Amino acid sequence: MSFTSLGLSAPILAAIANKGYETPSPIQAQAIPAVLEGKDVMAAAQTGTGKTAAFGLPLLQKTDLESKNVQTIVLCPTRELCMQITGDVEKYSKYVKGFKSVAVYGGADIQAQIRSLKKGCHMVIGTPGRIMDLIRRKALKLANIKWVVLDEADEMLNMGFKDDLDVILAETPDEKQTYLFSATMPKGIANIAKKYME
Ligand code: AMP
């Protein structure tokens with residue numbers, strides 16, 4: 001199994017080679033083709049499984065770079081994870097010219113985040129509370145979202161973000177694709193999947 005056989009494009013393969021990845025991890029081998037095909041994906045995945053690349057690489061490839069609308073929203077439980085995902089996505093997008101992502105999380109200057117969003121970006125990676133705040137301030141619009149990633153979904157529920165997730169998911173278009181990654185699959189996760197996923 002190689003990354004080439006998963007259907008990834010040359011700029012993305014070049015970035016993976018730079019990172020020194022040789023073979024796709026099991027979650028990457030299964031999720032990357034499914035995301036490229038436009039399927040919803042639900043995966044039991046812990047940190048260290050390569051889950052960031054599993055959704056990040058195919059979504060980078062699918063992004064419409066001509067449009068300046070936010071197309072992907074990645075929801076994750078903590079500022080640390082948010083920064084880690086953003087750092088990885090930046091490396092994966094090294095040769096995807098014009099691609100822009102913005103990280104938004106609590107405990108940091110919201111005005112600076114609003115200014116970044118105003119410049120236009122393709123992917124927003126954020127914590128649910130701050131994303132809600134930005135929606136309320138009309139700094140973030142979800143009308144053109146095509147892809148939603150719920151990363152460490154069980155942690156987001158544990159941290160009390162269920163209501164925020166409901167509001168955010170309800171604001172995204174029905175025809176989006178959803179990718180759910182969770183280390184455990186408690187009932188709350190099954191409910192989210194049933195309600196929002198195909
Ligand atoms: P993640 O589960 O996304 O937090 O990734 C865990 C770590 O594995 C990160 O440091 C990645 O850079 C690395 N990684 C992800 N995919 C691969 C791969 N296919 N081969 C080698 N390392 C990888």
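# A guided tour from Gln 113 to the ligand

Begin by selecting Gln 113, which is buried because its relative accessible area is 6% (buried is under 20%, exposed over 50% and partly exposed in between, with a 1.4 Å probe and protein chains only). The model on screen is predicted: local features need pLDDT of at least 70 and side-chain atom pairs count only at pLDDT 80 or more, while totals for chains, interfaces and linings use all residues. Residues are numbered from 1 along each chain as its sequence is written, and side-chain values use heavy atoms, with hydrogens and water left out.

**Around Gln 113**

Gln 113 belongs to helix α5, residues 110-118; helices (H or I, at least four residues) and strands (E, at least two) are DSSP runs, numbered from the N terminus. Which residues does Gln 113 touch, not counting those up to four places away in sequence? They are Ala 103, Val 104, Tyr 105, Ala 108, Arg 130 and Leu 134, where contact means heavy atoms within 4.5 Å.

**The nonpolar cores**

Next, select Leu 57, Leu 59, Ile 85, Tyr 179 and Phe 181. Within the largest nonpolar core, which has 35 residues, these five touch the most other members. A nonpolar core is a set of buried Ala, Val, Leu, Ile, Met, Phe, Trp, Tyr and Cys residues joined through side-chain atoms within 4.5 Å. Colouring by element is useful here: two or more residues of this core come from each of α1 (10-19), α2 (26-37), β1 (41-44), α3 (51-62), α4 (79-92), β4 (123-126), β5 (147-150) and β6 (177-182). The element that gives the most is α3, with six residues.

Another core, of 32 residues, lies apart from it and includes Ile 114, Ile 131, Leu 150 and Tyr 196. In soluble globular proteins, nonpolar side chains tend to be buried together.

Return to Ile 85 and display its surroundings. Beyond residues up to four places away in sequence, Ile 85 touches Thr 52, Phe 55, Val 74, Cys 76, Ile 125 and Asp 151.

**Asp 166 and Tyr 196**

Move to Asp 166 in helix α8, residues 162-171. Is Asp 166 buried or exposed? Its relative accessibility is 17%, so Asp 166 counts as buried. The side chains of Asp 166 and Tyr 196 are joined by a polar contact of 2.7 Å. A polar contact is a pair of N or O atoms within 3.5 Å; within protein, one must be able to donate a hydrogen and the other to accept it, and residues adjacent in sequence count only if both atoms are side-chain atoms. With neighbours within four places in sequence left aside, Asp 166 is in contact with Lys 195 and Tyr 196.

**The ligand**

Now select the ligand and the residues near it (a residue is near if one of its heavy atoms lies within 4 Å). There are 14 surrounding residues, the closest being Tyr 21, Gln 28, Gly 48, Gly 50 and Thr 52. By class, this shell comprises three nonpolar, nine polar and two charged residues. For that count, Ala, Val, Leu, Ile, Met, Phe, Trp, Tyr, Cys and Pro are nonpolar, Asp, Glu, Lys and Arg are charged, and the others, Gly among them, are polar.

Three distances merit display:

- From Tyr 21, a polar side-chain atom lies 2.4 Å from an oxygen atom of the ligand.
- From Gly 48, a polar backbone atom is 2.8 Å from an oxygen atom of the ligand.
- From Gly 50, a backbone N or O atom lies 2.7 Å from an oxygen atom of the ligand.

On its own the ligand has 500 Å² of accessible area, of which the protein covers 71%; such areas come from the Shrake-Rupley method with a 1.4 Å probe, and for residues only the protein chains shown count as cover.

**Thr 47 and Glu 152**

Select Thr 47, in the loop between β1 and α3. Thr 47 counts as exposed because its relative accessibility is 53%. A polar contact of 2.9 Å links the side chains of Thr 47 and Glu 152. Glu 152 lies in the loop between β5 and α7 and is buried, with a relative accessible area of 17%. Although not a glycine, Glu 152 has a positive phi of about 50°.

**Lys 138 and Asn 69**

Lys 138, in the loop between α6 (128-136) and β5, also merits a backbone check. Lys 138 is not a glycine, yet has a positive phi of about 60°; its relative accessible area is 64%, so Lys 138 is exposed.

The final stop is Asn 69, in the loop between α3 and β2 (72-75). At a relative accessible area of 37%, Asn 69 is partly exposed. Not counting residues up to four places away in sequence, Asn 69 touches Cys 121, His 122 and Asn 144.
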